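User: I have a structure open and want to go through it with you. Can we start with the overall layout and then move to the details?

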Amino acid sequence: MAKLRRKYTDKTIKILFALSRNQCAYPGCLNPVIAPATEKSGPHVSNQISHIYALAEDGPRGKAGLTEKELNAP
């Protein structure tokens, strides 16, 4: 069996950013996904894409039978 990997299309990343409304999804967190530029630095991506299902079926929150495409979809 081929090893699965995470890979996101530009479309998926845009969908996730739009759905997030530039707000971290962790309960109680008020940090933006992309922090604005300052005098000393440019804009900063401060968050990561989180997954509902683990990449491996036996991983935390693993789910049997998902394809690689399904695992990388928004």
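User: What order do the elements run in from the N terminus?
Analyst: The order is α-β-β-α. Helices (H or I, at least four residues) and strands (E, at least two) are DSSP runs, numbered from the N terminus. The protein has two helices and two strands.

User: What should I know about the source?
Analyst: This is a predicted model, where local features need pLDDT of at least 70, side-chain atom pairs count only at pLDDT 80 or more, and totals for chains, interfaces and linings use all residues. Residues are numbered from 1 along each chain as its sequence is written, and side-chain values use heavy atoms, with hydrogens and water left out.

User: What is the radius of gyration, and what would a compact globule have?
Analyst: The protein has 15 Å, while a compact globule of 74 residues would have a value near 11 Å. The radius is taken over C-alpha atoms, and the globule rule is 2.2 Å times the number of residues to the power 0.38. Along its principal axes, the C-alpha trace spans about 50 × 25 × 20 Å.

User: How much of the protein counts as buried?
Analyst: Of the 74 residues, 9% do. Buried means under 20% relative accessible area, exposed over 50%, and partly exposed in between (1.4 Å probe, protein chains only). The exposed area is about 6,400 Å², with 59% of it from carbon and sulfur atoms. Areas come from the Shrake-Rupley method with a 1.4 Å probe, and for residues only the protein chains shown count as cover.

User: Switching to pockets. What is the volume of the largest one?
Analyst: About 820 Å³. Of the 25 residues that line the largest pocket, Leu16, Gln48, Ile49, Ser50 and His51 are the closest to its centre. On a 1 Å grid over the protein atoms alone, a pocket is an open set of points where a 1.4 Å probe fits, with protein on both sides within 12 Å along at least five of seven lines; lining residues have an atom within 4 Å of a point. Points are joined across faces, edges and corners, and the volume is the space filled by probe spheres set on them.

User: Which helix gives the largest share of that lining?
Analyst: H1, with five residues. Helix H1 (10–20) and helix H2 (68–71) each supply at least two lining residues.

User: And how do the lining residues divide by type?
Analyst: Into 17 nonpolar, six polar and two charged. Ala, Val, Leu, Ile, Met, Phe, Trp, Tyr, Cys and Pro count as nonpolar, Asp, Glu, Lys and Arg as charged, and the others, Gly among them, as polar.

User: Next, Asn72. Is it buried or exposed?
Analyst: Asn72 is buried, because its relative accessible area is 7%. Asn72 is in the segment after H2. Not counting residues up to four places away in sequence, Asn72 touches Arg5, Arg6, Lys7, Tyr8 and Thr12; contact means heavy atoms within 4.5 Å.

User: What about Gly65, buried or exposed?
Analyst: Gly65 counts as exposed, at 61% relative accessibility. Gly65 sits in the loop between E2 and H2. With the sequence exclusion of up to four places, Gly65 touches Glu57 and Glu70.

User: Backbone now. What is phi of Arg21?
Analyst: Near 55°, a positive value in a residue other than glycine. Most residues other than glycine have a negative phi. Arg21 is in the loop between H1 and strand E1 (34–35), and is exposed at 75% relative accessible area.

User: And what is phi of Arg61?
Analyst: Phi of Arg61 is near 65°, also positive. Arg61 lies in the loop between strand E2 (44–45) and H2.
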